[in-house]
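Visitor: I'd like to learn how to read a structure like this one. Could you take me through a few features, one at a time?

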Amino acid sequence: MTNPVIENMHTRHSVRQFDSARPIAPEDLKTIADAGIWAPSGKNRQMCSVIVITDKGLLKELSELNCKIGGWNSGFDPFYGAPAVMIAISRKDVPTAVYDGSVMLENIMLAANSLGIGSCWIHRAKEEFETPFGQRILKKAGLDGEWVGIGHVALGYAKAPAPQERPRLPGRIVML
């Protein structure tokens with residue numbers, strides 16, 4: 001027996017081919033980002049924030065930097081043509097920053113899936129926010145202080161049907 005929340009978890013897949021010409025409605029982006037900030041956090045500090053980027057020029061710059069950090073050939077888009085990217089960031093001095101931001105990213109991906117929007121978790125946000133470009137993003141967002149990038153979620157409508165669900169590896173649940 002399943003319920004809608006568990007069904008959503010089972011049907012979410014990483015999308016790596018987005019329809020870049022089909023934007024996500026602003027109200028859907030707000031709903032998805034709001035789901036992110038409702039993620040649990042260590043001691044309920046709520047020190048993670050989400051930056052939503054839909055500006056094509058800024059997305060191109062972000063993609064180029066992420067590509068360079070990842071060591072790919074110029075021209076590869078690590079965000080797969082997604083029309084939106086959400087970035088989880090946290091105050092640098094929070095000991096649970098990576099955990100809190102990771103749960104935020106999961107909430108974002110599950111919320112997107114529930115709205116029929118594809119997603120893919122993309123790394124290298126930490127390295128991005130250590131650069132002048134990352135600092136410029138923080139300034140543009142009006143965020144003062146020391147921040148660390150946790151991760152990105154590329155968001156958009158999938159160009160291709162979702163892949164067939166793969167079975168889970170056995171032996172990963174241990175009951176004591």
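Guide: We'll go through pockets, a surface patch, salt bridges and backbone angles, and keep in mind that the model is predicted.

Visitor: Let's start with pockets. How much space lies in the largest pocket?

Guide: About 700 Å³ lies in the largest pocket. Its lining is made of 26 residues, and the closest to the centre are Thr 11, Arg 12, His 13, Ser 14 and Pro 163.

Visitor: Which helices and strands each supply at least two residues of that lining?

Guide: Look at helix H1 (4–11), helix H4 (97–114) and strand E3 (118–122), each of which supplies at least two residues of the lining of the largest pocket. It also helps to sort a lining by residue class. For the largest pocket, that gives 9 nonpolar, 10 polar and 7 charged residues.

Visitor: And the second largest pocket, which residues lie nearest its centre?

Guide: Those are Lys 56, Leu 59, Lys 60, Asp 77 and Ala 82, out of 21 residues in the lining. The space in the second largest pocket comes to about 440 Å³. Helix H3 (residues 56–70) gives the most to this lining, with 6 residues. Sorted by class, the lining of the second largest pocket has 11 nonpolar, 6 polar and 4 charged residues.

Visitor: Now the outside. Which residues form a nonpolar patch on the surface?

Guide: Val 5, Ile 6 and Met 9 do, and together they have about 260 Å² of accessible area. Take Met 9 as your example, which you'll find in helix H1. Its relative accessibility is 45%, so Met 9 counts as partly exposed, since that class runs between the 20% limit for buried and the 50% limit for exposed.

Visitor: Sequence distance and distance in space can be hard to keep apart. How far apart are the C-alpha atoms of Glu 106 and Met 9?

Guide: They are separated by 9.8 Å, while the two residues sit 97 residues apart along the chain. Glu 106 is found in helix H4. With 33% relative accessibility, Glu 106 counts as partly exposed.

Visitor: On to salt bridges. What's the general idea, and how many does the structure hold?

Guide: The idea is that side chains of opposite charge can pair when their charged atoms come close. This structure holds 4 salt bridges. One of them joins the side chains of Arg 136 and Glu 61, at 3.0 Å from N to O. Arg 136 lies in helix H6 (residues 132–140) and Glu 61 in helix H3, so this pair ties together parts that are 75 residues apart in sequence.

Visitor: Are those two partners buried or partly exposed?

Guide: Arg 136 is partly exposed at 41% relative accessibility, and Glu 61 is partly exposed with a relative accessible area of 32%.

Visitor: Which residue does Lys 92 meet in a salt bridge?

Guide: Glu 146, with 3.8 Å from N to O. This pair links distant parts of the chain, 54 residues apart: Lys 92 is in the loop between strand E2 (84–91) and H4, and Glu 146 is in the loop between H6 and strand E4 (147–156). Lys 92 counts as partly exposed at 46% relative accessibility, whereas Glu 146 is exposed, with a relative accessible area of 55%.

Visitor: What about Glu 130: how far apart are the closest N and O atoms in its salt bridge with Lys 126?

Guide: In that salt bridge, they are 2.7 Å apart. For Glu 130 the relative accessible area is 48%, which means partly exposed. Lys 126 counts as partly exposed as well, at 42% relative accessibility.

Visitor: Last topic, the backbone. Why would anyone look at the sign of phi?

Guide: Because most residues other than glycine have a negative phi, a positive one is worth a look. Here, Lys 43 has a positive phi of about 55 degrees although it is not a glycine.

Visitor: Where does Lys 43 lie?

Guide: In the loop between helix H2 (26–37) and strand E1 (48–53). Lys 43 is exposed, with a relative accessible area of 75%. Then check Gln 46, which is not a glycine either and has a positive phi of about 55 degrees. Gln 46 is found in the loop between H2 and E1, and its relative accessible area of 52% makes it exposed.

Notes: Residues numbered from 1 in each chain as written. Predicted model: local features only at pLDDT ≥ 70, side-chain atom pairs only at ≥ 80, totals over all residues. Heavy atoms only, no water. 1 Å grid on protein atoms, 1.4 Å probe; cavity = no way out; pocket = protein on both sides within 12 Å on 5 of 7 lines; lining within 4 Å. Points joined across faces, edges and corners; volume = space filled by probe spheres on them. Helix = DSSP H or I, 4+ residues; strand = E, 2+ residues; numbered from the N terminus. Nonpolar A, V, L, I, M, F, W, Y, C, P; charged D, E, K, R; others polar. Patch = residues over 30% accessible without salt bridge, like charges linked within 9 Å, V, L, I, M, F, W, Y side chains within 5 Å. Areas by Shrake-Rupley, 256 points an atom, 1.4 Å probe, with all protein chains shown as cover. Buried < 20%, exposed > 50% of the residue type's maximum accessible area, 1.4 Å probe, protein only.
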